[in-house]
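Grab a pencil and open the viewer. Below are some short exercises, each followed by a solution worked step by step.

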Amino acid sequence: IFFLISLFIVYRKTSLQWLSISETRKMLQSGWLLFIVRINGLFFSAGNTLIIGITTSPEVVGYFAAAERIANAVRGLITPAIQTIYPKVNSLISESIEKAFNLIKYELKILIIISFILTIITYVFAYQIIKIYLGIQLIDAYLALQVLSLLPLIITFNLVFGSQWFLALHKDKLYTIIGIISTLINLILTLIIVNSLSYNKYVG
């Protein structure tokens with residue numbers, strides 16, 4: 001329903017027309033790198049759960065998945081703000097790279113403060129958060145939540161420098177390469193950490 005309403009509004013305000021085959025091919029060629037980035041992001045988030053599921057018990061997977069759900073909710077508090085500023089940054093770059101960079105520096109200062117506060121709150125009150133939202137039966141998940149409390153800070157740097165700066169400067173290929181390398185490093189580190197510091201040592 002919302003899609004149809006949005007389509008109607010767009011149709012009223014703009015003139016819609018079918019793309020030719022050559023135009024469609026050009027759009028697909030210019031957007032395939034961003035498609036890889038999106039797939040890479042999905043693999044990045046699902047890969048940790050998959051590795052933990054293979055190397056540990058279902059109980060541990062449940063703890064991690066529960067903590068990750070809360071951490072993603074906290075992360076979601078800052079993501080809309082970053083996405084809202086992106087069109088402004090993209091517009092400024094066409095006028096002056098210096099102005100765009102100054103806006104990003106100002107934005108980053110504010111978002112780092114907010115992200116740092118969210119990280120501290122999540123880390124310090126992880127036990128209470130898990131107890132309130134998930135119940136005492138999943139209380140051991142607070143350990144995973146403390147580790148994942150760094151997500152707001154990490155996502156801030158990723159979105160500001162990645163999505164806003166690299167993509168606005170049309171550095172799609174470099175952004176994609178960095179994303180793929182980061183995912184591979186994450187998977188390797190996850191394997192090492194899970195095998196050497198098994199979560200089973202801390203729950204029981």
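The expected span of a helix is 1.5 Å times one less than its number of residues. Keep that rule handy, and keep in mind that this is a predicted model.

**Exercise 1. Work out what span helix H5 should have, and check it against its end C-alpha atoms.**

Step one: H5 covers residues 97–124, which makes 28 residues. Step two: at 1.5 Å a residue, the expected span is 40 Å. Step three: the end C-alpha atoms of H5 sit 39 Å apart, so the two values agree.

Now try the same on H3, with its 18 residues. The rule gives 26 Å, and the end C-alpha atoms are 25 Å apart, which agrees as well.

**Exercise 2. Say how many helices and strands the chain has, and what share of its residues is buried.**

Start with the secondary structure: you get 9 helices and 0 strands. Reading from the N terminus, the elements go α-α-α-α-α-α-α-α-α. Next, burial: 34% of the 204 residues in the chain are buried.

**Exercise 3. Find out which residues touch the most other members of the largest nonpolar core, and which helix gives the most to this core.**

First, the core has 31 residues, and the ones touching the most other members are Ile70, Ala100, Ile130, Leu145 and Val160. Second, look at the suppliers: H3 (58–75), H4 (79–95), H5, H6, H7 and H8 (151–168) each put in at least two residues. Third, the top contributor is H3, with 8 residues.

To see what H3 and H5 tuck away, list their buried residues. In H3 these include Val60, Val61, Tyr63, Phe64, Ile70 and Val74. Glu68 of H3 is buried too. In H5, the buried set includes Ala100, Ile104, Leu108, Leu111 and Leu118, along with Glu107, Ser115 and Thr119.

**Exercise 4. Look for aromatic pairs in the whole structure, and describe what you find.**

The search turns up 1 aromatic pair. Its partners are Tyr127 and Tyr142, at 5.3 Å centre to centre with 70° between the planes. Planes over 60 degrees apart count as edge-to-face, and that is how this pair is classed.

What does the pair tie together? Tyr127 belongs to helix H6 (residues 126–133) and Tyr142 to helix H7 (residues 142–148), so the pair links parts 15 residues apart in sequence.

Are these two rings' residues buried, exposed or in between? Tyr127 has a relative accessible area of 37%, so it is partly exposed. Tyr142 comes in at 24%, so that residue is partly exposed as well.

**Exercise 5. Locate the nonpolar patch on the surface that includes Phe125, and give its accessible area.**

The members are Ile113, Phe116, Ile117, Ile120, Ile121, Tyr123, Val124 and Phe125. Together they show about 760 Å² of accessible area. Now zoom in on Phe125, which lies in the loop between H5 and H6. Its relative accessible area is 43%, so Phe125 is partly exposed.

**Exercise 6. For Val74, Ala73 and Ser94, decide how accessible each one is, and check a C-alpha distance to a residue elsewhere in the chain.**

Take Val74 in helix H3. Its relative accessible area is 14%, so Val74 is buried. The C-alpha atoms of Val74 and Thr119 are separated by 8.7 Å, though the residues are 45 apart along the chain.

Ala73 is also found in helix H3. At 48% relative accessibility, Ala73 is partly exposed. From its C-alpha to that of Pro152 is 9.9 Å, with their positions 79 residues apart along the chain.

Ser94 sits in helix H4. With a relative accessible area of 62%, Ser94 is exposed. Its C-alpha and that of Leu169 are 9.3 Å apart, and the two are 75 residues apart along the chain.

Key
Residues numbered from 1 in each chain as written. Predicted model: local features only at pLDDT ≥ 70, side-chain atom pairs only at ≥ 80, totals over all residues. Heavy atoms only, no water. Helix = DSSP H or I, 4+ residues; strand = E, 2+ residues; numbered from the N terminus. Buried < 20%, exposed > 50% of the residue type's maximum accessible area, 1.4 Å probe, protein only. Phe/Tyr/Trp six-rings, centres within 6.5 Å; stacked < 30°, edge-to-face > 60°. Patch = residues over 30% accessible without salt bridge, like charges linked within 9 Å, V, L, I, M, F, W, Y side chains within 5 Å. Areas by Shrake-Rupley, 256 points an atom, 1.4 Å probe, with all protein chains shown as cover. Salt bridge = Lys/Arg side-chain N within 4 Å of Asp/Glu carboxyl O. Core = buried A, V, L, I, M, F, W, Y, C linked by side-chain atoms within 4.5 Å.
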